[in-house]
Amino acid sequence: LAAPTKNTQPIDIAYSPVTFINIPSLSLGLPIFESDSKVTHLASSHPGQQGNIIYFGDNSDEVFGSILELSKGDEIVVVTRNGIGHEYVINELLLVGPSDPRIMEQTPLETLTLFTPAGFLDTKRFVIKAIPTSI
């Protein structure tokens, strides 16, 4: 996999879907698909666009199970199909009910949201909110 180039300009209407997510502090790298898969992009914005960019992954160790170890300030990099890396920094960690609107609600600014089932019998959702490092 070629090293991604850093996003230096906002992407307008023409966007490139995310193909890879990298969380350096966990040594975790995962492919992203626009369909039913281990990590799924839900109907939402895309990197470089205003709004909430939402990804769901199951809580197995090889997918999003380890995101529970992340902290505010940790970095997440998503790579789009065109090879551009979009860097985000975690600014919020939440443990919420499955229907909590903070998971899916639109945001006025570009926000990356990752979430996975958590809690006893997966009755909660662990949610990470991250903002572009360029803000």
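## Exercises on a predicted all-strand model

At 18% relative accessibility, Asp100 counts as buried, and this residue of a predicted model is where the exercises begin.

**Exercise 1.** Determine which residue forms a salt bridge with Asp100, and classify both partners as buried, partly exposed or exposed.

*Solution.* Begin with the pair itself: Asp100 forms a salt bridge with Arg102, and the closest N and O atoms are 2.8 Å apart. That distance has to be compared with the cut-off, which asks for a side-chain nitrogen of Lys or Arg within 4 Å of a carboxyl oxygen of Asp or Glu. Next, take the accessibilities in turn, remembering that buried means under 20% and exposed over 50%. Asp100 has 18% relative accessibility and is therefore buried, whereas Arg102, with 35%, is partly exposed. Finally, note that the structure holds one salt bridge. As a general point, side chains of opposite charge can pair when their charged atoms come close.

**Exercise 2.** Work out how many residues of strand 8 are buried, and describe how this strand is placed among its partners.

*Solution.* Start with the whole chain, whose secondary structure comes to nine strands and zero helices. Strand 8 covers residues 111–118, and eight of its eight residues are buried, so the strand is largely enclosed by the rest of the structure. In a regular strand, the side chains alternate between the two faces of the sheet. The second step is therefore to look at each face: Thr111, Thr113, Phe115 and Pro117 lie on one side, Leu112, Leu114, Thr116 and Ala118 lie on the other, and all of them are buried.

The third step is to find the pairing partners. Strand 5 (residues 52–57) runs parallel to strand 8 and is joined to it by five bridges, with Ile53 standing opposite Leu112. Strand 9 (residues 124–132) pairs with strand 8 in the antiparallel sense over seven bridges, and here Phe115 stands opposite Val127. Five residues lie between the strands in the hairpin of strand 8 and strand 9, where Gly119 takes a positive phi near 80 degrees.

**Exercise 3.** Establish where Ile103 lies, whether it is buried or exposed, and which core includes it.

*Solution.* First locate the residue: Ile103 lies in the loop between strand 7 (84–96) and strand 8. Its relative accessible area is 3%, which means that Ile103 is buried. Then look at its surroundings, where its contacts beyond four places in sequence include Ile54, Val96, Thr113, Phe115 and Val127. Ile103 and Ile54 are 49 residues apart in sequence, yet their C-alpha atoms are 7.9 Å apart in space.

For the last step, consider the cores. The largest nonpolar core has 24 residues, and Ile23, Tyr55, Ile67, Ile76, Leu112, Leu114 and Ile128 touch the most other members. A second, separate core of six residues includes Ile103, together with Ile54, Leu94 and Phe115. In soluble globular proteins, nonpolar side chains tend to be buried together.

Key
Residues are numbered from 1 along each chain as its sequence is written. This is a predicted model: local features need pLDDT of at least 70, side-chain atom pairs count only at pLDDT 80 or more; totals for chains, interfaces and linings use all residues. Side-chain values use heavy atoms; hydrogens and water are left out. Buried means under 20% relative accessible area, exposed over 50%, partly exposed in between (1.4 Å probe, protein chains only). Helices (H or I, at least four residues) and strands (E, at least two) are DSSP runs, numbered from the N terminus. Two strands pair if DSSP finds at least two bridges between them. Contact means heavy atoms within 4.5 Å. A nonpolar core is a set of buried Ala, Val, Leu, Ile, Met, Phe, Trp, Tyr and Cys residues joined through side-chain atoms within 4.5 Å.
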